[in-house]
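Reader: Please show me the structure, and then take me through the packing of its helices.

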Amino acid sequence: MTPYAQLPKHKPEEFLRTVGLSPEDFLHLHGKLAAYQDEQKALNPLTRRGRKDSKMALEDRLLLTLYYLRHYPTLINLAAVFDISESYCHKIYSRTARLLVKIEKLPNRKALLEDPKVTVVIDVSEQPIERPVKNQKAYYSGKKTSHDQSPARYLPIDDGYPLRGDG
């Protein structure tokens with residue numbers, strides 16, 4: 001990954017595939033992020049007392065965050081790509097992601113779960129459970145059947161049927 005200044009902005013489709021946003025949307029989001037940071041610095045001038053500015057430019061911090069959200073690499077790989085340490089990479093990602101949530105006024109996770117149109121059911125009950133070889137008595141009930149025979153497995157999924165067990 002190259003810094004923002006070296007990205008191919010003359011090829012919007014390549015920029016979109018790399019970052020996940022068009023160059024115009026990236027610049028719009030960058031402008032909103034810069035305005036929010038300037039506003040916070042003006043409101044709280046003493047909060048930055050004694051702290052140096054970040055080593056990375058705001059464009060690169062935003063690029064790192066969007067690249068992580070788009071491709072989901074490990075932080076150690078992302079840190080190597082941006083030539084920074086893994087802990088600094090995590091610090092940049094977490095701070096920038098929190099700022100993006102604030103400036104875009106995204107709902108929290110609980111609000112997203114309450115909307116029935118975006119609820120997703122993932123069945124992970126068919127995974128085998130590892131038990132110790134020695135001293136198995138405490139973990140073994142004597143049953144020989146698998147645990148994937150729950151009635152939720154056979155529920156029809158449609159708009160009129162509540163998926164959660166609310167009662």
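The turns below deal with one helix, its packing, the core and one residue outside the helices.

Author: This is a predicted model, in which local features need pLDDT of at least 70, side-chain atom pairs count only at pLDDT 80 or more, and totals for chains, interfaces and linings use all residues. Residues are numbered from 1 along each chain as its sequence is written, and side-chain values use heavy atoms, with hydrogens and water left out.

Reader: On which side or sides of α4 do its buried residues lie?

Author: Helix α4 spans residues 75-82; helices are DSSP runs of H or I, at least four residues, numbered from the N terminus. Its buried residues (under 20% relative accessible area, 1.4 Å probe, protein chains only) are Leu75, Leu78, Ala79 and Phe82. Because they cover an arc of only 100° around the axis, taken from the directions from the helix axis to the C-beta atoms, they lie on the same side of α4.

Reader: How are α4 and α5 oriented to each other: roughly parallel or roughly perpendicular?

Author: The axes, which are lines fitted to C-alpha atoms over the stretch in contact, are 8 Å apart and meet at an angle of about 95°. Angles of 65 to 115 degrees count as roughly perpendicular. Therefore α4 is, relative to α5, roughly perpendicular.

Reader: Which residues of α5 make the contact with α4?

Author: Contact means heavy atoms within 4.5 Å. On the α4 side, the contact is made by Leu75, Ile76, Leu78 and Ala79. On the α5 side, it is made by Glu86, Cys89 and His90.

Reader: Which element gives the most residues to the largest nonpolar core?

Author: A nonpolar core is a set of buried Ala, Val, Leu, Ile, Met, Phe, Trp, Tyr and Cys residues joined through side-chain atoms within 4.5 Å. The largest one has 29 residues, of which Phe26, Leu64, Leu78 and Ile84 touch the most other members. Two or more residues come from each of α1, α2, α3, α4 and α5. The most, eight residues, come from α5.

Reader: Which residues does Leu64 contact beyond its neighbours within four places in sequence?

Author: Leu64 is one of the core residues that touch the most other members. Beyond those neighbours, its partners are Met56, Leu78, Phe82, Ile84, Cys89, Ile92 and Tyr93.

Reader: What is the relative accessible area of Lys9?

Author: Lys9 sits in the segment before α1 (12-19). Residues more than four places away that Lys9 touches are Tyr4, Phe15 and Pro23. Lys9 is partly exposed (from 20% to 50%), because its relative accessible area is 35%.

Technical notes:
Axes fitted to C-alpha atoms, helices over the stretch in contact; angles between N-to-C directions. Parallel < 35°, antiparallel > 145°, perpendicular 65-115°, else oblique.
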